[in-house]
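Colleague: I'd like to learn how to read the empty spaces and the sheet in a model like this one. Can you walk me through it?

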Amino acid sequence: MSATAHRGTPAILVMAKAPRPGTVKTRLHPLLGPLRCAELQAGLIRHTLELTTLRIPRTYLAYAPADGGDTIGTAAPAGVRLRLQRGEDLGQRLAAAVADAFADGAGPLLVIGTDAPTLTGDHLTAAFTALESHDVVLGPALDGGYYLIGLRAPHTSLFALDADVWSTDRVLRATRCAARREGLSVELLCPLRDLDTPEDATALLADPALPAPIAALIRPGEAP
């Protein structure tokens, strides 16, 4: 059975880690090194928040770790609502952040990370449009995860995946199965590439949709 739409303020929730050397984008260390990876993370946060705040009046930024609020807050435009991530794994952190946003009057809600630099405002608009007739919308990532999940109501059970599923190529499939068990209708957006590995960086540098500031940050040997 399809769920009733939550009547609230359309919003976007961004999940992000504070841009600290050695703790972010670690799979890109062989290409960029820890410092450049931290600079890349900061650039991705800025880019994502600029995108979301232009499209929708309410944006949440759920950050980690707990002492990273001051660092990550400097990248947030005025009006962005900062929230601390809570939970032992990604699923728990997502569930807590989504529950908090809906409790704050959000809905429908799009949840994104900062790893898909070719995400555009048109993708966000398409996601909100899909939620007018579906309970859940998913943006598939090429690695088997998803770069976006949209919800008309706080279906936090969709994040209750086994711990060994997160960060694997089974995330999207497992999430769709969870939605099916809940009787929720799902719409898929077009797939996009996450920026996680040197191979991703190479592929994205050849993509004309990659924003120039992000390209400068991932091009080896080029100063940001």
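Modeller: Sure, and let's settle the residue classes before anything else: Ala, Val, Leu, Ile, Met, Phe, Trp, Tyr, Cys and Pro count as nonpolar, Asp, Glu, Lys and Arg as charged, and the others, Gly among them, as polar. Keep in mind too that this is a predicted model.

Colleague: Okay, pockets then. How does the lining of the largest pocket divide into nonpolar, polar and charged residues?

Modeller: The general idea is that rolling a probe the size of a water molecule over the atoms shows where empty space is left. Here the lining of the largest pocket splits into 15 nonpolar, ten polar and eleven charged residues. That makes 36 lining residues, and those nearest the centre of the pocket are Leu90, Asp115, Ser167, Asp194 and Asp196. The space in this pocket comes to about 1200 Å³.

Colleague: Which elements each supply at least two residues of that lining?

Modeller: Look at E1, H3, E4 and strand E6 (146–151).

Colleague: And closed spaces? How many cavities of 30 Å³ or more does a search of the whole structure find?

Modeller: One, with a volume of about 30 Å³. Its lining consists of Leu13, Tyr60, Ala62, Arg83, Ala97, Asp100 and Ala101. Two or more of these residues come from each of E2 and helix H3 (90–103), and H3 gives the largest share, three residues. Sorted by class, the cavity lining has five nonpolar, no polar and two charged residues.

Colleague: Now the sheet. In what order do the strands lie?

Modeller: Read across it as E3-E2-E1-E4-E6-E5-E7: seven strands in an open sheet with mixed pairing. At the edges are strand E3 (81–84) and strand E7 (186–188), each of which pairs on one side only. From one strand to the next, the twist averages 20°.

Colleague: Let me zoom in on one pair. How many bridges join E1 to E4?

Modeller: Five, between strand E1 (residues 9–17) and strand E4 (residues 106–112), and the two run parallel. For a landmark, take Leu13, whose bridge partner in E4 is Val111. You've met Leu13 already, as one of the residues lining the cavity.

Colleague: What packs on the sheet there?

Modeller: Helix H1 (residues 29–55), which touches E1, strand E2 (58–64) and E4. The direction of H1 makes about 180° with that of E1.

Definitions and conventions:
Residues numbered from 1 in each chain as written. Predicted model: local features only at pLDDT ≥ 70, side-chain atom pairs only at ≥ 80, totals over all residues. Heavy atoms only, no water. Pairing = 2+ DSSP bridges. Helix = DSSP H or I, 4+ residues; strand = E, 2+ residues; numbered from the N terminus. Axes fitted to C-alpha atoms, helices over the stretch in contact; angles between N-to-C directions. Contact = heavy atoms within 4.5 Å. 1 Å grid on protein atoms, 1.4 Å probe; cavity = no way out; pocket = protein on both sides within 12 Å on 5 of 7 lines; lining within 4 Å. Points joined across faces, edges and corners; volume = space filled by probe spheres on them.
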